[in-house]
Amino acid sequence: MALSGVDNLSRLPELKKKLFWTFLLLAVYRIGIHIPVPGVDSSALADFFESVSNTLFGLFDMFSGGGLRNLSIFALGIMPYISASIIVQLLGVVSPTIKRLQEEGAQGRKKITQYTRYGTVLITLVQGFGIAVGLESMTSPTGAPVVLHAGWAFRGITILTLTAGTVFLMWLGEQMTEKGIGNGISMIIFAGIVAGLPAAIFNTVRLMQAGEITLFLLLFVLAFMVAILAFIVYMERGQRRIPIHYAKRMMGRKMMGGQTTHLPLRINTAGVIPPIFASSILMFPATLASFSNNEILSKFSAYFAPSSVVYNVVYIALIIFFCYFYTAIMFDPKGIAENIQKQGGFIPGIRPGTRTREYIDRVLTRITLWGSLYVAAICVLPMILIAQFNVPFYFGGTALLIVVGVAMDFMGKIESYMISRQYEGLMGKGSKVKGR
């Protein structure tokens with residue numbers, strides 16, 4: 001099967017070109033990660049990040065592919081673009097203008113993309129200023145200042161560099177989507193997370209040589225990771241299919257309808273947005289504590305350490321809440337029911353209109369509960385293994401969901417591209433035979 005895929009790949013120069021562009025642009029991104037912002041003591045910054053790995057800095061560093069730890073030109077990563085996209089989607093609920101643009105097709109999407117870019121630049125300017133000011137007050141655990149020469153000159157250079165880096169990264173993602181395979185923004189996040197894999201393998205070997213972990217424990221971790229990955233793939237592909245029948249009707253001289261199709265409802269409609277939001281909220285106290293010497297704040301943030309029971313309980317509750325919240329934004333049962341009714345369709349045993357909307361909403365509510373519990377379990381299990389059993393599990397649940405989801409989407413795009421080209425080839429051969 002694999003050899004057949006390679007053989008098909010060699011016959012499709014367009015696909016090879018798309019793959020070449022994808023890997024080339026990803027290489028440009030990884031090179032940029034190692035270009036630092038001027039005026040920062042890299043060793044003091046690395047020591048500081050070792051002490052705040054369980055705060056928002058650690059989360060953002062993961063999404064930036066290690067760029068924040070190095071304070072590179074891509075330190076903010078693609079997170080400002082994701083934040084701007086989420087804000088624009090949320091505005092579609094309360095703003096009639098944005099909602100109208102979402103319903104206008106290609107032209108509307110083009111305008112929304114433009115607004116998202118403007119929002120990305122604005123968020124990057126604010127975050128860049130915050131990082132520049134924050135860096136000036138940071139010191140390593142040994143007391144060494146992170147910034148060599150504090151002042152408005154350093155702040156201006158940092159804001160300009162980080163903004164230019166994020167805008168370039170946003171352009172890089174759009175070029176990857178256009179010229180490569182898959183969604184460029186997702187591929188950038190995927191590459192940043194996977195880039196930490198060699199270091200994780202090296203660290204595991206070092207721990208084995210030092211006798212801190214046994215071979216049996218390592219094999220257990222590998223088997224557990226394979227099982228978790230298989231479970232994620234199974235759940236991400238899982239969906240509830242609601243059957244829809246279309247009655248026969250005359251349109252002009254043609255008989256239309258009489259078909260049966262289905263409405264697919266994904267178990268995890270919200271994707272990885274809920275754990276990202278939940279992690280950001282819960283890591284906020286620890287982030288504040290890292291900037292302050294206040295004893296009360298430090299004790300309060302200790303309750304929200306990833307190893308605490310309070311953190312995990314609140315984390316699960318927030319994930320479930322955001323799964324329902326984001327699913328309600330992304331999926332509109334009323335609009336779906338109206339479209340089915342307009343096209344002459346109906347769900348067997350359910351009356352069109354209000355009853356159909358209520359039925360879809362009820363089914364979506366039930367499967368979202370199972371989807372939210374699945375996401376919560378994937379995100380909490382690695383933390384429990386690390387905290388309670390000292391298992392070297394280097395990828396958190398959010399990272400695993402992103403890696404598996406993007407990999408599945410990437411392979412699906414390649415497969416669909418191959419199938420479409422084979423179909424075009426068969427159609428071309430058929431037309432030649434017909435012409436003879």
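Leaving aside neighbours within four places in sequence, which residues is Val 88 in contact with? The first legend gives the answer, and the legends after it cover other parts of this predicted model.

**Figure 1. Val 88 in helix H6 and its contacts.**
Val 88 is found in helix H6, which covers residues 79–94. Once neighbours within four places in sequence are set aside, Val 88 is in contact with Ile 98, Gln 102, Ile 112 and Thr 116. The relative accessibility of Val 88 is 10%, so this residue counts as buried; the cut-off for buried is under 20%. A second pair can be marked in this view: Val 88 and Thr 113 are separated by 25 residues in sequence, and their C-alpha atoms are 9.3 Å apart in space.

**Figure 2. Ile 86, another residue of helix H6.**
Helix H6 is also the place of Ile 86. With a relative accessibility of 9%, Ile 86 counts as buried. Apart from neighbours within four places in sequence, Ile 86 is in contact with Ile 273 and Phe 277. Tyr 326 is 240 residues away from Ile 86 in sequence, yet the distance from C-alpha to C-alpha is 9.8 Å.

**Figure 3. The crossing of helices H9 and H10.**
Helix H9 takes in residues 152–179 and helix H10 residues 184–194. Their axes come within 7 Å of each other and cross at roughly 115°. Angles of 65 to 115 degrees count as roughly perpendicular, and H9 and H10 are therefore roughly perpendicular to each other. On the H9 side, the contact is made by Leu 169, Gly 173, Met 176 and Thr 177. On the H10 side, Gly 184, Ile 185, Met 187 and Ile 188 take part. Sorted by class, the residues of this contact are five nonpolar and three polar, with no charged ones.

**Figure 4. Arg 155 in helix H9.**
Arg 155 has its place in helix H9. Is this residue buried or exposed? Arg 155 counts as buried, because its relative accessibility is 17%. If residues up to four places away in sequence are not counted, Arg 155 touches Ala 132, Val 133 and Glu 136.

**Figure 5. Thr 356 in helix H17 and its link to Arg 351.**
Helix H17 spans residues 354–389 and includes Thr 356. The side chain of Thr 356 reaches the backbone oxygen of Arg 351 at a distance of 2.8 Å. Arg 351 is also one of the residues in contact with Thr 356 when neighbours within four places in sequence are left aside; the others are Ala 337, Ile 347 and Ile 350. Thr 356 has a relative accessibility of 2% and so counts as buried.

**Figure 6. Gly 335 in helix H16 and its distance to Arg 357.**
Gly 335 lies in helix H16, made up of residues 333–342. Its relative accessibility is 19%, so Gly 335 counts as buried. Gly 335 and Arg 357 are 22 residues apart in sequence, and 8.3 Å separates their C-alpha atoms in space.

**Figure 7. The whole protein, for orientation.**
The protein has 18 helices and five strands. Of its 436 residues, 41% count as buried. Its accessible surface comes to about 24,400 Å², and 65% of this area belongs to carbon and sulfur atoms. Among contacts between residues at least 6 apart in sequence, 71% join residues at least 24 apart.

Definitions and conventions
Residues are numbered from 1 along each chain as its sequence is written. This is a predicted model: local features need pLDDT of at least 70, side-chain atom pairs count only at pLDDT 80 or more; totals for chains, interfaces and linings use all residues. Side-chain values use heavy atoms; hydrogens and water are left out. Helices (H or I, at least four residues) and strands (E, at least two) are DSSP runs, numbered from the N terminus. Buried means under 20% relative accessible area, exposed over 50%, partly exposed in between (1.4 Å probe, protein chains only). Contact means heavy atoms within 4.5 Å. Accessible areas come from the Shrake-Rupley method with a 1.4 Å probe; for residues, only the protein chains shown count as cover. Axes are lines fitted to C-alpha atoms, for helices over the stretch in contact, and angles run from 0 to 180 degrees between N-to-C directions. Angles under 35 degrees count as roughly parallel, over 145 as roughly antiparallel, 65 to 115 as roughly perpendicular and the rest as oblique. Ala, Val, Leu, Ile, Met, Phe, Trp, Tyr, Cys and Pro count as nonpolar, Asp, Glu, Lys and Arg as charged, and the others, Gly among them, as polar. A polar contact is a pair of N or O atoms within 3.5 Å; within protein, one must be able to donate a hydrogen and the other to accept it, and residues adjacent in sequence count only if both atoms are side-chain atoms.
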